[in-house]
Amino acid sequence: MKLCFLVEELYRHDGMPLDVVRQLTSWGHQVDVVRPGGSLLRISEEVRAGTHDAWVLKTVSGGPGLTLLEAAASVGLTTVNDARSIRAVRDKVLTSVIARQHRLPVPVTYSAPRATLFADVPEELFPLVVKPADGSSGRGVRLVSAPGRLAEAEQADEGQLIAQPYVSNPGFDLKVYCLAGEFHATVRRSPLHPDASVDARAVPLPAEVAAVAAKVGAVFGLDLYGIDVVLGPDGPVIVDINDFPSFRQVPDAASRLAGAVLELARTGGADRKGAFAPAPRIPMQPEISHGRPHPHPAAGLGPGTGAGMVAAVPEGAQI
């Protein structure tokens, strides 16, 4: 097959997706790597020629790559993921509206161009997590304890912001990765708990989180994606959704992802927006405990509770 990878400058030396490119090449496929922010492109003719079986995007949220991917989709070429789905999860304002419309566990979300405008949010909802609406990789995420501290949270040239009530959690996020129906879970330190002692590693996926992850793919029409989940006192809460994430800690990530890209290129991807996905395939991993919730980032990581995990979603599970 012949594939085109759109790779932002930030990722031009990164193992993901370049390890995937190398894997595909070693299997005998032709892969063209285009740098949207650093290449001269005869884009109208390249797209119209239609010589690639699929276009794959790995760029930052505000980069030019998504426009190129949308151009390929506009003339009927296969893209991984669907370009419309990527747009829906890269704008966190839009993401929150779609997610809550479909009853996904996403916190109530406020939007404003400056942090100080969140002073009108009801005080009982503080502390607030404030972050850029087009942010990624934890960039610009901060916790504001009270309305009087919003001025300290101001940062220049951030564009639109969102704010959500902080969810008490054990000091780590659960990162769930989906590779065309195969699900993997890992833990990593929360950007709101920089001092928490967390060993980033693969873990089993709780059934309730697996159901949420599957529903995200169905609602947004994504095939390759990740979600950040906080295991709060009332259950899992989605705090972020990403197209083509890092897939860190996923065993044999490069070959698994390369295989998923080839399958999606052959089938044209899953046009399943608004329809429930089948039960995800979840490899078994060592167990993780929930730990003690953190009321705020200054608290230490609590001891584990030994909460049991399961590794599959039964057929017909309600999501």
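Start by selecting Gly268, just after helix α7: in this predicted model, Gly268 takes a positive phi of about 85 degrees.

Now step back into α7 itself, residues 253-267. With 15 residues at 1.5 Å a residue, α7 should span 21 Å, and its end C-alpha atoms are indeed 21 Å apart. Colour the buried residues of this helix: Ala253, Leu257, Ala258, Ala260, Val261, Leu262, Leu264 and Ala265. To see what covers them, show β1, α1, β3, β4 (79-80), β9 (172-179) and β12 (224-232), which are among the elements there.

Next, select α1, residues 15-26. Its 12 residues reach 15 Å from the first C-alpha to the last, close to the 16 Å expected. Which residues of α1 are buried? They are Met16, Pro17, Leu18, Val20, Val21 and Leu24. Show β1 (2-7), β2 (30-34), β3 (54-58) and α7 to find what these buried residues pack against.

Keep both helices on screen and turn the view until you can see them cross. The axes of α1 and α7 are 8 Å apart, at an angle of about 70 degrees. Angles of 65 to 115 degrees count as roughly perpendicular, so that is how α1 and α7 lie to each other. The crossing of α1 past α7 is right-handed.

Finally, zoom in on where the two helices touch. On the α1 side, pick Met16, Asp19, Val20, Gln23 and Leu24; on the α7 side, pick Ala253, Ala254, Ser255, Leu257, Ala258 and Leu262. Colour this contact by class and you will find 8 nonpolar, 2 polar and 1 charged residues.

Note on methods
Residues numbered from 1 in each chain as written. Predicted model: local features only at pLDDT ≥ 70, side-chain atom pairs only at ≥ 80, totals over all residues. Heavy atoms only, no water. Axes fitted to C-alpha atoms, helices over the stretch in contact; angles between N-to-C directions. Helix = DSSP H or I, 4+ residues; strand = E, 2+ residues; numbered from the N terminus. Parallel < 35°, antiparallel > 145°, perpendicular 65-115°, else oblique. Left-handed = near helix turned anticlockwise from the far one by under 90°. Contact = heavy atoms within 4.5 Å. Nonpolar A, V, L, I, M, F, W, Y, C, P; charged D, E, K, R; others polar. Expected span 1.5 Å × (residues − 1). Buried < 20%, exposed > 50% of the residue type's maximum accessible area, 1.4 Å probe, protein only.
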